[in-house]
Each structure stands twice: as structure tokens, then as C-alpha cells.
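Colleague: Please take a close look at the nonpolar core of this model, and walk me through how that part is put together.

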Amino acid sequence: MKTTLLFTLLILSVFLSYGQGTGEVIITEIHNRPSKPSQELLDAALLLAENSGFSGDTSPNEGHTEWFEIYNTTGAPVVMDNWTLTDGSSSSKITTIGSFTLGANEYAIFSGFHIPDAQGGIAPDYIYDYKEPSFNNESTYSGGSTSNCPDGIIIKKGDGTLVDQVLYDYGYGSYIVGGVSNCSNNPGTTSYGFPGMSGSSKTSFMLKAGAPITSAANDMASNWEYSTLTYDGDQKGTPGTANNVDATLSNENFIFSNFKIYPNPAKDFITIKSNDFKINSVEMFSVLGEKLLSKTNITNNLLRVSQFNAGIYLLKINAKDGSLIKKIIIK
């Protein structure tokens with residue numbers, strides 16, 4: 001009994017320490033099987049400045065609308081310049097972040113592409129190289145293939161130091177043959193086990209509300225669950241806000257889920273659309289809190305920002321039922 005317990009603790013210790021990173025930036029949510037865009041929406045998105053240089057598929061697929069969310073666990077901005085994003089199922093698929101700073105205790109959305117009307121109005125805070133990384137969904141593992149590695153995101157600093165990673169397999173463990181893993185990035189015979197099997201499509205999986213936001217907690221299946229909050233008709237998740245799986249939206253999430261703000265980064269104009277919400281006023285602030293603009297009338301849902309210097313700003317939308325503050329990057 002004692003020997004078995006010690007062996008179990010040893011295996012658990014190895015498993016947890018494998019995924020532990022420095023933890024100042026944590027992956028908190030992944031949407032790996034969103035709805036596909038229509039060809040019309042994809043063609044229109046290819047003309048957007050933020051998708052310039054795109055060289056991936058021009059036929060609609062889930063990869064165009066995938067995203068993941070990160071959170072700064074510290075009380076100071078984290079400069080992520082030259083950090084890398086590695087595809088959990090293919091170590092050769094790596095994106096180096098050019099320039100991005102994550103504000104203190106702030107969330108950010110990373111996506112490989114931007115299709116506003118097919119992503120629930122999500123305006124990615126950072127757009128990485130398409131399909132590097134990309135995600136497998138449950139069907140990859142449920143098919144029983146023995147060559148499927150766990151997928152996910154691995155975030156490292158420029159010097160190779162692990163910051164955080166989330167590797168998932170939906171609990172199938174089908175890549176393990178004869179008790180030996182086929183994947184070099186899997187620490188052993190333990191199936192990651194999250195998210196759970198038989199999840200619905202168009203649903204993100206996330207760290208549970210109240211779970212520790214640490215790189216060690218990210219490795220524990222018990223800390224993960226599916227979202228139940230709808231943010232765009234039939235898609236579920238809490239992009240850019242604190243995780244919440246309650247059936248009733250908090251006021252903050254309710255306001256957020258009913259607004260679309262894009263493009264971000266922006267150059268000349270920002271489009272602000274709402275789902276039947278009356279916008280009372282819009283304000284722009286510097287990161288130091290200085291009010292730079294206040295408008296009570298937004299013509300054609302467009303807010304001109306070309307008068308601002310390149311940098312990071314805070315956009316505050318005041319509606320009847322609450323307010324929303326969103327970080328805006330101006331190029």
C-alpha cells in the first residue's frame with residue numbers, strides 16, 4: 001500500500017512539474033471547434049488589413065475562427081516580444097510574437113485570423129501566423145488513431161523558458177500504445193483527460209471559475225470545464241473576460257457578449273456594433289487614465305481614431321445596462 005502510494009505521488013509529481021512554467025501569463029480558455037465562416041465572410045476578411053500577408057487556406061474551415069485566451073497573473077505589464085507559441089501537436093509549428101504587451105491582470109485573445117462576423121465579434125488582441133499553432137478537436141482523438149499527440153498551446157520566452165502550456169486529449173489517450181506514449185511532449189502514460197469526452201461543438205473549454213490560475217493548475221483535468229455561456233447566438237465562451245460558467249451572465253459578461261468591436265489593432269476607424277443595445281457614450285483613455293475623447297453620438301457605428309498616435313488605449317462603452325472597457329491598439 002505504502003509503495004503504491006509513493007509511486008502514485010511520484011508519477012503525479014513528475015506530471016505536474018512537467019507542465020509548470022514561470023506562470024506570469026496563463027492560458028485560461030481555448031475554443032478549438034468554433035463555427036466555420038461562410039465563403040463570403042472569408043473572402044471579405046481577406047481584404048482586412050489585420051489579415052494581410054495571409055497565405056493559408058482560402059476555403060472555410062474551423063481554423064479560421066479558432067482562438068485562445070491568456071491572462072496576466074501579475075500586477076505589472078508583461079512584455080511578450082519575441083516569445084513563442086508552439087503547436088502542442090507539432091513542435092515544428094511555431095510563431096514568434098513580434099510585439100505585444102499584456103497589461104497588468106488583463107485578459108487577451110489570440111487568434112490566427114480575424115473574421116469579425118464569424119467569430120462572435122471577437123477582436124483578437126494579437127493575430128499570430130495562421131495554423132501555427134492550430135487545434136485538433138475531439139474527433140481527432142475519438143477516432144482511435146494511435147498517432148495522435150495531445151494538442152494545445154505551449155508559451156515560451158525568447159530564451160526558451162516555459163511560461164505556460166495546456167495540452168489536451170479529451171480523455172481518450174489514443175496516442176498511447178503498449179503503455180508507451182508516441183508523443184515526445186507527453187510526460188508518460190497519463191491521459192490528460194480534459195476537456196471531457198462528448199462535448200458539444202461551438203463550445204470553448206476553460207479553467208473553472210475559482211480554480212487557481214497557475215501553470216500547475218492548468219495540468220489538472222479537475223480544473224477544466226466547458227463553457228455554458230452564449231456569446232454569439234450559438235457559440236459558447238467568455239472571450240476576454242473572467243471565466244464564468246453560470247447559466248446567468250454577470251453584468252460585465254452580458255455587456256461584453258453583446259458588443260462587437262473591431263478591427264483591433266486599428267488605424268483609422270473602429271467599428272462598434274451592438275445587439276440591440278443603446279450606446280449612451282463612448283470614451284477613450286490613455287493607459288494612465290487620462291480621458292482623451294468622449295462622444296455621445298457614433299455615426300454608422302464608426303469611431304475615428306486616426307488622430308491618436310500609435311500605442312495602447314482604453315475604450316469605454318457606456319450602455320444603459322452597464323459599461324465595457326476594452327484595450328485598443330492603434331497602429
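Modeller: Contact here means heavy atoms within 4.5 Å. The model is a predicted one, and I155 is a useful place to begin. Leaving aside its neighbours within four places in sequence, I155 is in contact with V25, I27, I70, W83, T84, L85, T161, L162, V163 and D164. Two of these, V25 and I70, appear again in the description of the largest nonpolar core. That core has 30 residues, and those touching the most other members are V25, F68, I70, M80, F100, F110 and I155 itself. Several strands each supply at least two residues of the core: strand 1 (25-31), strand 2 (67-72), strand 7 (107-111), strand 9 (151-156), strand 10 (162-168) and strand 13 (205-207). Strand 1 gives the largest share, 4 residues. In soluble globular proteins, nonpolar side chains tend to be buried together.

A second core, of 20 residues, lies apart from this one, and its members include F259, I272, I279 and I328. The numbering leads from there to a sheet. This sheet is open and has 3 strands in the order 17-18-21, paired antiparallel. Its edge strands, each pairing on one side only, are strand 17 (259-262) and strand 21 (302-304). From one strand to the next, the twist averages 20°. Strand 17 and strand 18 (residues 269-274) run antiparallel and are joined by 4 bridges. I272, named above as a member of the second core, is the bridge partner of I261 and belongs to strand 18.

Notes: Residues are numbered from 1 along each chain as its sequence is written. This is a predicted model: local features need pLDDT of at least 70, side-chain atom pairs count only at pLDDT 80 or more; totals for chains, interfaces and linings use all residues. Side-chain values use heavy atoms; hydrogens and water are left out. A nonpolar core is a set of buried Ala, Val, Leu, Ile, Met, Phe, Trp, Tyr and Cys residues joined through side-chain atoms within 4.5 Å. Buried means under 20% relative accessible area, exposed over 50%, partly exposed in between (1.4 Å probe, protein chains only). Two strands pair if DSSP finds at least two bridges between them. Axes are lines fitted to C-alpha atoms, for helices over the stretch in contact, and angles run from 0 to 180 degrees between N-to-C directions.
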